[in-house]
Amino acid sequence: MTEQPFVLLVDDDPQQEAFALALNAYGVEAKHVLPDDLTAEDLNHASLVLIDEFIENWTAREAVKDSIGLFVRDGVALAAVLRSALDGRGPSPETAPTPRNTALVLRTGHLAVLAEGTPAFIRPMTVASRHDLEWVAEKAQVDAETLARFAALAVATKALPTEWGNPTDPTAQLQWLALGEQPWREDAIAQIELCRPPWTVLAATSAGRRWLSWFIQRILPFPTFLVDDRRAASYLGLKPSALDVLLGGDSDAAAALKQAKYTGQLAAFAGRRWWRAGIAAVKQLALKTAEGRGADDIARALGALHGTDLDALGLRHPVFQIDADYNVVDEPLEITEAVRLQPDGWPSYADDPWLATTSIDVEDSLAKLIVIDDRADVVEDGGE
């Protein structure tokens with residue numbers, strides 16, 4: 001029987017014991033330790049380590065508070081110490097590090113302060129990347145969804161492939177993603193490769209941890225080879241609510257949509273996701289019976305295949321805009337009514353975020369992010 005993933009919670013608050021106990025109900029083994037009680041045995045056994053940002057009660061640390069080289073100021077510093085220990089760095093320069101695939105997550109109640117000046121949407125990935133962490137989570141979130149996300153991360157980390165380095169045979173990585181033998185498999189692989197996956201040198205020299213960081217920080221939050229409900233539905237000319245209606249049927253369209261649903265590692269981490277290539281296959285299925293190639297034609301064809309009308313989006317070429325915090329606005333708009341943006345931290349291989357031309361204010365922070373090729377359109381429309 002496979003050993004359960006082990007989650008280690010390092011926190012100076014004894015009441016976090018309840019949080020660890022709650023995690024045990026999600027298919028993992030979890031343990032809370034005070035900083036003074038942290039052992040190499042527990043650390044080396046962990047698939048996931050959750051670290052409190054502000055550690056106030058730490059007796060052993062206070063004994064060396066006047067030695068700046070020994071004083072571990074906070075959870076960020078502790079994470080760096082633990083990463084060094086996990087990788088087996090030093091003290092001999094002849095000893096090469098032996099990386100482990102343990103994921104480190106910082107839990108903080110002050111993410112806005114830690115990521116000061118950063119738009120809210122990209123704060124977790126920005127801080128995680130800056131401090132060599134897999135993720136940063138709001139400590140105040142202790143609901144069932146949060147517990148499930150941590151458990152999913154522990155399971156995904158433990159499931160990382162042990163062999164890396166051959167880009168011509170990424171079988172293990174594709175199994176981790178649960179990409180089966182679908183008719184659109186090769187299209188999906190091509191889309192993955194466009195996202196510059198670190199499945200060779202960087203993954204091989206980090207026990208796969210760089211792959212995990214790439215997936216959780218650069219793929220799941222953005223529209224890449226995986227997309228969320230809003231975009232999946234819009235590609236089919238539908239409103240998001242129509243996806244569940246379509247899934248509830250037994251038509252060929254429903255079967256194709258079910259195959260397009262992402263079920264690989266971390267499927268429970270950021271909400272439902274769909275293979276872009278799989279959604280394209282659903283669209284092609286609809287086009288076989290559609291009277292035209294427009295979005296409304298596709299929506300009607302899917303409704304006919306399903307046996308009932310589906311909520312059509314009513315847009316020809318829908319795009320999604322973002323607000324000042326980089327959060328995606330739920331309601332899409334026509335591409336002719338928007339300009340492209342290039343925000344900091346937004347992957348170049350992800351779908352562009354947009355800004356409605358009616359929302360452009362030259363003094364607004366988003367206006368400064370308009371793609372250079374679209375700025376001329378703004379001038380012509382009198383935006384400046």
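In this predicted model, the buried residues of helix α6 are covered by elements that include α5 (111-114), β5 (135-138) and α11 (209-219). Helix α6 spans residues 123-130. Its buried positions are Pro 124, Met 125, Val 127 and Ala 128. These residues lie on the same side of α6, because they cover an arc of only 170° around the axis. After α6 comes Asp 132. The phi angle of Asp 132 is positive, near 55°.

The loop between α6 and β5 also holds Glu 134. Glu 134 has a relative accessible area of 0%, so this residue counts as buried. Its side chain is joined to that of Arg 83 by a polar contact of 2.9 Å. Beyond its neighbours within four places in sequence, Glu 134 is in contact with Arg 83, Thr 102, Ala 103 and Leu 104. The contacts of Glu 134 also include Ala 128, one of the buried residues of α6. Further partners of Glu 134 are Arg 209, Leu 212, Ser 213, Ile 216 and Gln 217. Helix α11 covers residues 209-219.

The largest nonpolar core comprises 64 residues. Inside this core, the residues with the most contacts are Phe 215, Leu 266 and Trp 275. Helix α7 (residues 144-158) supplies the largest share, seven residues. Apart from this core lies another, of 25 residues. Among the members of that other core are Phe 6, Val 10, Leu 43 and Val 76.

Leu 266 illustrates the packing of the 64-residue core. With residues up to four places away in sequence not counted, Leu 266 touches Ala 152, Leu 153 and Ala 156, among others. Trp 176 is also in the contact list of Leu 266. So are Leu 212, Phe 215, Ile 216 and Leu 220. Leu 212 and Ile 216 appear among the contacts of Glu 134 as well.

A second charged side chain, Arg 185, was examined in helix α9 (residues 185-194). Why does Arg 185 count as buried? The relative accessibility of Arg 185 is 16%, and the cut-off for burial is under 20%. A polar atom of the Arg 185 side chain lies 3.3 Å from the backbone oxygen of Gly 180. Leaving aside neighbours within four places in sequence, Arg 185 is in contact with Leu 174, Leu 179 and Gly 180. Gly 180 thus appears both in the contact list of Arg 185 and as the residue whose backbone oxygen lies 3.3 Å from its side chain.

Conventions. Residues are numbered from 1 along each chain as its sequence is written. This is a predicted model: local features need pLDDT of at least 70, side-chain atom pairs count only at pLDDT 80 or more; totals for chains, interfaces and linings use all residues. Side-chain values use heavy atoms; hydrogens and water are left out. Helices (H or I, at least four residues) and strands (E, at least two) are DSSP runs, numbered from the N terminus. Buried means under 20% relative accessible area, exposed over 50%, partly exposed in between (1.4 Å probe, protein chains only). A polar contact is a pair of N or O atoms within 3.5 Å; within protein, one must be able to donate a hydrogen and the other to accept it, and residues adjacent in sequence count only if both atoms are side-chain atoms. Contact means heavy atoms within 4.5 Å. A nonpolar core is a set of buried Ala, Val, Leu, Ile, Met, Phe, Trp, Tyr and Cys residues joined through side-chain atoms within 4.5 Å. The arc is that of the directions from the helix axis to the C-beta atoms.
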